[in-house]
Amino acid sequence: MSPLYLVTDSLIARAAGHTVPFVVEEACRAGVKWVQLREKELSTREFMVVAAEVKRITQHYGAKLIINDRVDVALAVDADGVHVGQDDMPSIMVRSLIGRGKVIGLSVNNLAELQTITDADVDYLGVATVFPTDTKQDTSSLLGLDGLRAICAQTNLPTFAIGGINASTIQQVMQMGVTGAAVVSAICGHPSPYEATCALIQLIDESV
């Protein structure tokens with residue numbers, strides 16, 4: 001698995017003067033191989049339109065497209081997988097809908113949640129929230145680096161850390177036993193998503 005994982009945010013991208021497809025293409029051009037399309041505010045129809053456009057981009061660059069929450073959208077555009085949270089559709093049900101050939105990611109916020117998913121049919125974990133971030137309002141249970149390390153030490157599944165990860169924190173994160181790091185603002189909100197992605201990948205390479 002590629003160590004850098006882009007999670008989209010259309011509001012952050014728009015504030016920086018970008019569209020989500022533009023951000024995705026620039027990030028993939030720079031080397032990102034995992035893209036999670038996360039659109040909380042769009043209607044189903046609007047989400048489908050964006051997802052179809054992003055799918056064409058990720059397919060061109062050989063990257064995987066993961067849809068956040070919406071199994072129906074993932075199926076409609078033949079995405080590579082779905083990422084679900086603790087309050088979303090159970091992963092075993094997601095698997096029954098999308099089949100064995102697709103990827104399922106699951107968010108884990110603490111050790112207690114990790115212990116409940118030993119039998120969950122998932123391919124990787126999104127471990128959150130590491131640092132304070134504007135993209136996640138409920139940060140009452142921030143993991144910090146120690147919490148991140150503890151979770152990674154107790155699972156054999158690939159782990160992607162998320163939450164407040166940027167150029168100043170990504171090297172510390174990569175030393176906690178994670179498979180990779182997921183970023184939102186550090187790419188979506190950057191004046192040049194391409195340059196931001198290149199810099200993050202270089203920092204990761206230097207840390208391992």
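This short talk walks through the barrel, one helix, the aromatic pairs and a few loop residues of a predicted model.

Some ground rules. Residues are numbered from 1 along each chain as its sequence is written, and side-chain values use heavy atoms, with hydrogens and water left out. Since we are looking at a prediction, local features need pLDDT of at least 70 and side-chain atom pairs count only at pLDDT 80 or more, while totals for chains, interfaces and linings use all residues.

Start with the barrel. Eight strands form a closed barrel, in the order 1-2-3-4-5-6-7-8, with parallel pairing. From one strand to the next, the twist averages 25 degrees. That angle is taken between N-to-C directions, on a scale from 0 to 180 degrees, with axes as lines fitted to C-alpha atoms. Strands here are DSSP runs of E, at least two residues; helices are runs of H or I, at least four; both are numbered from the N terminus. Two strands pair if DSSP finds at least two bridges between them.

Where does the barrel close? Strand 1, residues 4–7, pairs with strand 8 in the parallel sense over three bridges. Leu6 has Val183 as its bridge partner in strand 8. On the other side, three bridges join strand 7 to strand 8, also parallel. There, Ala161 is partnered by Ala181.

Look at strand 8 itself, residues 180–183. Gly180 and Ala182 point one way, Ala181 and Val183 the other, and all are buried. Buried means under 20% relative accessible area, exposed means over 50%, and partly exposed is in between (1.4 Å probe, protein chains only).

Another parallel pair: strand 5, residues 103–108, and strand 6, residues 124–127, share four bridges. Leu106 has Leu125 as its bridge partner in strand 6.

Now helix 7, residues 144–153. Which of its residues are buried? Gly144, Gly147, Leu148, Ile151 and Cys152. Seen down the helix axis, they fall within an arc of 135 degrees, so they line one face. The arc is that of the directions from the axis to the C-beta atoms. An α-helix has 3.6 residues a turn, so residues three or four places apart point the same way. The face turned away carries Asp146 and Ala153, both exposed. What covers the buried residues? The cover includes strand 5, helix 6, strand 6, strand 7 and helix 8, with contact meaning heavy atoms within 4.5 Å.

On to the aromatics. The model holds six aromatic pairs. Take Trp34 and Phe160: ring centres 6.2 Å apart, planes at 45 degrees, so the pair is tilted. Rings of Phe, Tyr and Trp (its six-membered ring) pair if their centres lie within 6.5 Å; planes under 30 degrees apart are stacked, over 60 edge-to-face, the rest tilted. Trp34 is in strand 2 and Phe160 in strand 7, 126 residues apart. Trp34 is buried at 5% relative accessible area, and Phe160 is buried at 2%. Ring pairs link Tyr5, Trp34, Tyr124 and Phe160 into a cluster.

Last, the loops. A cis peptide bond joins Ala128 and Thr129, with omega about -10 degrees. Thr129 lies in the loop between strand 6 and helix 7. Asp69 has a positive phi, near 70 degrees, without being a glycine. Asp69 sits between strand 3 and helix 4, and is partly exposed at 22%. Asp78 also has a positive phi, near 55 degrees. Its loop runs between helix 4 and strand 4, and Asp78 is partly exposed at 44%.
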